[in-house]
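Work through the exercises below with the sequence and the model side by side. Each task is followed by a worked solution.

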Amino acid sequence: MKEPFVTYEKLQEIVAKYPTPFYLYDEKGIRENAKAVKEAFAWNKGFREYFAVKATPNPFLINILKEYGCGCDCSSMTELMMSDALGFSGEEIMFSSNDTPAEEFAFADKIGATINLDDFTHIDFLEKTIGKIPETISCRFNPGGVFKISNSIMDNPGDAKYGFTKEQLFEGFKILKEKGAKRFGIHAFLASNTVTNDYYPTLAKTLFETVVELKEATGCDIRFINLSGGVGIPYTPDQKPNDIRAIGEGVRKVYEEVLVPAGLGDVAIYTEMGRFMMGPYGCLVTKAIHEKHTYKEYIGVDACAVNLMRPAMYGAYHHITVMGKDNSVCDHKYDITGSLCENNDKFAIDRMLPKIDMGDLLVIHDTGAHGYSMGYNYNGKLKSAEILLKEDGSFELIRRAETPKDYFATFDCFDILKNMKDPK
Ligand SMILES: *Cc1c(COP(=O)(O)O)cnc(C)c1O
């Protein structure tokens, strides 16, 4: 069974101070997991987890990861700006973007971030933009086809917009070397949200073998191999969580089989996990405000897809706990809906839950990554607050809720704000 990381009593305390909906994060869980990741790869001298900032771009949370030696993986200007402002050095910042605007390459170079090129044509584009090729450079590899573990298809890289083909990778490394690059890395992201301990080791084998070939063919000095993200979490109660120690150990085995005999025993392993670092350690807290009995039974809550888009966007499952009703039987079938004028604004469809009464608090699990950050402002709905539940049981606001003023702020080229009534 999935249990919330917060007790009902504690949640009532928090709700008394901060109105729902809000995101709640679990400092203890974040710390324990970050430590386990660090230990799982401690066998590799240069190991670094570059946290995928897009998953949970909150400075307070990123600062916790920083204590465990994590860097930042960025994909946009604002993520670069945040990482730089948080005091990460250039080498602690990875810039794994795609379809990259020139000014983002320029800024990444200015702060000394490692640039991970998504495409062969970006070699030229980058050189024209910053007037040189950086001494440290990385390329994203896409081997095409489907990505399989044993006989099951995990994902379809051949259909994905990312990365260099194998030919482009070999050609690209040669060109980059001629243009002055000295230290090389490769990167690949071939399957998302994998709930198996075999994803990283299988990916690592592909990348390690490619690196051995690349080294032979180009003579480039390959310093790091970036396994990127894709390590998943169990969203449904029946899934078995990944074991990061087994994953680290699996990668170590392949490293010793493939890289060490090829004289590449000092290559650093990098990761760019987002979901695995934060997903289970955040939840969306919302309150039941309406019940509707038509052709189905609906519970309307005060959060909507603006706060959490994954169910509407991917049909993603998020487990829901009705707080204070752990001992009740799940004998009611509900659609749990938000208020958007969009019929897909449902956090759950035909979900068996205990009887829900108005005012009940619902915890929507596993929203710590790609949750808040994916939100938008449709229907003029505002984004919620983020709160950190600390190890000592106290709690702290780590992002306030949006106000109408924030929503209208980009109209500051007009005089519209002065005519607006305060709804309070
Ligand atoms: C999104 C992303 C990640 C993180 O992915 P998770 O699924 O959260 O692990 C890492 N690297 C890149 C380049 C990404 O786009």
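The exercises cover salt bridges and one helix.

This is a predicted model, in which local features need pLDDT of at least 70, side-chain atom pairs count only at pLDDT 80 or more, and totals for chains, interfaces and linings use all residues. Residues are numbered from 1 along each chain as its sequence is written, and side-chain values use heavy atoms, with hydrogens and water left out.

**Exercise 1.** Find the salt bridge between glutamate 67 and arginine 31, and place both residues in the chain.

Step 1. Apply the criterion: a side-chain nitrogen of Lys or Arg within 4 Å of a carboxyl oxygen of Asp or Glu. The N to O distance between glutamate 67 and arginine 31 is 2.9 Å.

Step 2. Locate the partners, taking helices (H or I, at least four residues) and strands (E, at least two) as DSSP runs numbered from the N terminus. Glutamate 67 lies in the loop between helix H3 (59–66) and strand S3 (71–74), and arginine 31 in helix H2 (residues 27–40), 36 residues apart.

Step 3. Check accessibility, where buried means under 20% relative accessible area, exposed over 50%, and partly exposed in between (1.4 Å probe, protein chains only). Glutamate 67 is exposed at 53%, whereas arginine 31 is buried at 14%.

Step 4. Extend the search: Glu27, Arg31, Glu67 and Glu391 are linked in a network of salt bridges. The count of salt bridges comes to 27.

**Exercise 2.** Describe the salt bridge between glutamate 386 and arginine 399.

Step 1. The closest N and O atoms of glutamate 386 and arginine 399 are 2.8 Å apart.

Step 2. Glutamate 386 sits in strand S18 (residues 385–389) and arginine 399 in strand S19 (residues 395–399), 13 residues apart.

Step 3. Glutamate 386 is buried, with a relative accessible area of 1%; arginine 399 is partly exposed at 27%.

**Exercise 3.** Which residues of helix H6 (residues 121–130) are buried, and what covers them?

Step 1. The buried residues of H6 are His122, Ile123, Leu126 and Ile130.

Step 2. Their arc around the axis, taken from the directions from the helix axis to the C-beta atoms, is only 110°, so they lie on the same side of H6. An α-helix has 3.6 residues a turn, so residues three or four places apart point the same way.

Step 3. The cover over the buried residues of H6 includes helix H5 (102–110), strand S5 (114–117), strand S6 (136–140) and helix H7 (166–178).

Step 4. Just after H6, glycine 131 has a positive phi of about 75°.

Note on methods. Contact means heavy atoms within 4.5 Å.
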